[in-house]
Amino acid sequence: MLQQQVLERLAEDLLQAEQAARAAHESATHEENIAENKYDTLGLEAAYLATGQARRAEAIRQAMVNWRQFRPRPYDASKGIQLGALVLLVDSDDKQQQLFLGPDGGSMKLVSGAQLVQVISSEAPLSRAMLGKCEGDEVSIQVAPIRQRFEVLRVH
């Protein structure tokens with residue numbers, strides 16, 4: 001199940017973020033990083049890094065909560081694509097891609113069978129453009145100066 005794979009990947013990411021936050025905190029508080037003059041900013045930089053890593057860990061924790069609470073419904077053609085759908089798109093160059101629409105966690109790639117699946121969040125422009133669409137519909141998004149067009153081949 002893709003949702004379980006997402007949760008496992010988020011758990012790995014959280015572990016890495018917590019380790020990085022601990023390491024940055026230790027560096028920020030280490031006696032060798034105490035400022036010797038007003039131009040010595042190593043300790044301050046480490047403190048900023050620790051804060052950023054702590055925020056990243058908190059964002060991952062929140063994403064995990066969102067995914068645990070997420071209850072995808074089976075595809076209903078009368079409603080079109082909704083969160084939880086596994087969508088197969090094809091672009092104008094006949095390149096296919098599978099996308100799993102979730103509440104959070106963009107830029108994560110998973111493997112389902114022999115297929116690569118890109119997880120995209122509900123906030124992604126492509127995700128928003130697909131909502132409500134059905135098999136055979138065209139989906140288009142503007143990316144910088146280029147308008148990308150896709151066709152929905154299949155929805156699960």
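The following exchange examines how several descriptions of this predicted model are justified.

Me: What confidence does the predictor assign to the protein, and where is confidence lowest and highest?

Reply: The mean pLDDT of the protein is 87, and 88% of the residues reach 70 or more. Confidence is lowest in helix H2 (residues 42–69), with a mean of 85, and highest in strand S1 (residues 86–91), with a mean of 95. Where pLDDT is low, the predicted coordinates should not be read in detail.

Me: Which secondary-structure elements does the protein have, and how do they run from the N terminus on?

Reply: There are 3 helices and 6 strands. From the N terminus on, they run α-α-β-β-β-β-α-β-β.

Me: How do you know that S1 and strand S2 (residues 96–102) pair, and in which sense?

Reply: Pairing requires at least two bridges between two strands. S1 and S2 are joined by 5 bridges, so the requirement is met, and the sense is antiparallel. Within this pair, Val 90 stands opposite Gln 96 in S2. The two strands form a hairpin with 4 residues between them, and Asp 94 in the turn has a positive phi of about 65°.

Me: How do you know that S1 is also paired with strand S6 (residues 146–155)?

Reply: The same test applies: at least two bridges are needed, and 5 bridges join S1 to S6, so these strands count as paired. They run antiparallel. Leu 88 stands opposite Arg 154 in S6, Val 87 has Val 155 as its bridge partner there, and Val 90 has Glu 151.

Me: What makes strand S5 (residues 138–143) and S6 a pair, and how many residues lie between them?

Reply: With at least two bridges required, the 6 bridges joining S5 to S6 qualify them as a pair, and the strands run antiparallel. One of the bridge partners is Gln 148 in S6, which faces Ile 141. S5 and S6 form a hairpin with 2 residues between them, and Ala 144 in the turn has a positive phi of about 55°.

Me: Why are strand S3 (108–112) and S5 said to stand at the edges of the sheet?

Reply: The sheet is open and has 6 strands in the order S3-S4-S2-S1-S6-S5, with mixed pairing. S3 and S5 each have a single partner strand, so one side of each is left without a neighbour in the sheet. Neighbouring strands of this sheet are turned by 40° against each other on average, direction ignored.

Me: Why is S1 described as largely enclosed?

Reply: A residue counts as buried under 20% relative accessible area. In S1, 5 of the 6 residues are buried, so the strand is largely enclosed by the rest of the structure. Of the 156 residues of the protein, 34% count as buried.

Me: Why is Gln 53 classed as buried or exposed?

Reply: Gln 53 is found in helix H2. Its relative accessibility is 18%, and the cut-off for a buried residue is under 20%; Gln 53 therefore counts as buried. Leaving aside neighbours within four places in sequence, Gln 53 is in contact with Ala 17, Ala 20 and Ala 21.

Me: What makes Gln 4 partly exposed?

Reply: Gln 4 has its place in helix H1. Buried means under 20% and exposed means over 50%; the relative accessible area of Gln 4 is 40%, so Gln 4 is partly exposed. The C-alpha atoms of Gln 4 and Arg 68 are separated by 8.8 Å, although these residues are 64 residues apart along the chain.

Me: Which residues touch the most other members of the largest nonpolar core, and which elements contribute to it?

Reply: Of the 18 residues in this core, Val 6, Leu 10, Trp 67, Phe 100 and Val 119 touch the most other members. The elements giving two or more residues to this core are helix H1 (2–29), H2, S3 and strand S4 (115–121). The largest share, 6 residues, comes from H1. Apart from this core lies another, of 16 residues, among them Ile 81, Ala 85, Leu 101 and Leu 126.

Me: What does Val 6 contact beyond its neighbours within four places in sequence?

Reply: Val 6 is in contact with Trp 67, Met 108, Leu 110 and Val 119. The cut-off for such a contact is heavy atoms within 4.5 Å.

Definitions and conventions
Residues numbered from 1 in each chain as written. Predicted model: local features only at pLDDT ≥ 70, side-chain atom pairs only at ≥ 80, totals over all residues. Heavy atoms only, no water. pLDDT = per-residue confidence, 0-100. Buried < 20%, exposed > 50% of the residue type's maximum accessible area, 1.4 Å probe, protein only. Axes fitted to C-alpha atoms, helices over the stretch in contact; angles between N-to-C directions. Core = buried A, V, L, I, M, F, W, Y, C linked by side-chain atoms within 4.5 Å.
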